[in-house]
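Visitor: Could you take me through the enclosed spaces inside this protein, with a close look at what surrounds them? I would like one connected account.

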Amino acid sequence: MIPVSVLNLVPLRKGQNRAQAIEAMIELAQETERIGYTRYWITEHHNMPSLVSSATQVLIGHTLAHTDSIRVGSGGVMLPNHSPLLVAEQYGTLATIYPDRVDLGIGRAPGTDRPTANALRRNEHNLPLSYPNDVQMLQRFFRSSDEQGYVRAFPGVGLHVPIYMLGTSTESAKLAAELGLPFVFAAHFAPHLLESALDIYRREFKPSDVLEKPYVIVCLNVIAADTDEEARFLSSTQQQFLANTIKNTHLPLQPPVPETQIEWSSEEERAAVNEMLSCSLIGSKESVAAQLEVLQTHLRADEIMVVSYIYDKQKQYRSYRLFHEIASSYQPSPL
């Protein structure tokens, strides 16, 4: 089977309070663990009232405490917002409490708007320019004692917490290839450079002490249901969610509506949402399986990470079950 994992932005649903959104995050983790998903990652976003994922490492610790075996990690830590030393200390502590269950996905974007990013930043320098150095510093903090300098990240030293490079660009792909790290492409909202980034990553990959050959995770929107019609109806929630993001209204997840009832402010907005969602698998089990086959013919992803904006929690669980069944029986076509 192709391994499948989960990415959760911890959205607030209409009618929920934030405590209930966090509880829903835990319930989804427990359900996907039962189903057999490989890992469960939580995003980092700031100053977004419709998302409850600002203190990612706290949510990861909470999720680890309420699950038994699924790997839990960040999708990801937006490194320009943080000191590499502090990140290594935090995730080293998590990995000490929960051995062999913690992943550390890292990214370059701020996960917010510019004023909020400025409030988060450690100083006034252009920190994204120091990102490659920060990544290498973070790697060093997790290595053995004889590779450390004077400043060490206890208890992270020697734990070798696995680091994954997140991105939506060829630049991120190049850095992941140069450092020999697994590469995770966020096609669930920015699919434009997906194929070119994966091509560059595989072509330029240099084996490292953590990875002998390229490893690609592609993050996709997946909405599976018992019929194509039901899946299309459920997908209106994600269309509304992204439209609200574009308009900067940041409303909670809305119940699904017929597609004709989605309120678009302009054709440009509709086109922008459709572009963001162009790398989505939506439909019945048979339809999603066929869509996955077409996608994998081009991408050959080593793992699929699923985002599922579905308002009804039971239907969301059903979607994850159906997709796991699809992945479990997936057979790649010959090269």
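Guide: In this predicted model, β1 (4-8), α1 (18-35) and α12 (313-328) each contribute at least two residues to the lining of the largest cavity, and among these elements α1 gives the most, with four residues. The space that they help to enclose has a volume of about 140 Å³, and 17 residues line it, with Asn 8, Pro 11, Leu 28, Ser 308 and Gln 316 lying nearest its centre. In chemical character, the lining of this largest cavity divides into 13 nonpolar residues, three polar ones and one that is charged. The lining also draws on two domains, since at least three of its residues come from domain 1 (4-220 + 299-314) and at least three from domain 2 (221-298 + 315-334).

A search of the whole structure for cavities of 30 Å³ or more finds two, and the second largest has a volume of about 30 Å³. Its lining is made up of Glu 44, Thr 56, Gln 57, Val 77, His 82, Val 87, Gln 90 and Tyr 91. The elements that supply two or more of these residues are α2 (56-65) and α3 (84-97), and α3 gives the most, with three residues. Sorted by class, the lining of the second largest cavity holds three nonpolar, four polar and one charged residues, whereas that of the largest cavity has 13 nonpolar, three polar and one charged.

Definitions and conventions. Residues numbered from 1 in each chain as written. Predicted model: local features only at pLDDT ≥ 70, side-chain atom pairs only at ≥ 80, totals over all residues. Heavy atoms only, no water. 1 Å grid on protein atoms, 1.4 Å probe; cavity = no way out; pocket = protein on both sides within 12 Å on 5 of 7 lines; lining within 4 Å. Points joined across faces, edges and corners; volume = space filled by probe spheres on them. Nonpolar A, V, L, I, M, F, W, Y, C, P; charged D, E, K, R; others polar. Domains from an automatic or database assignment.
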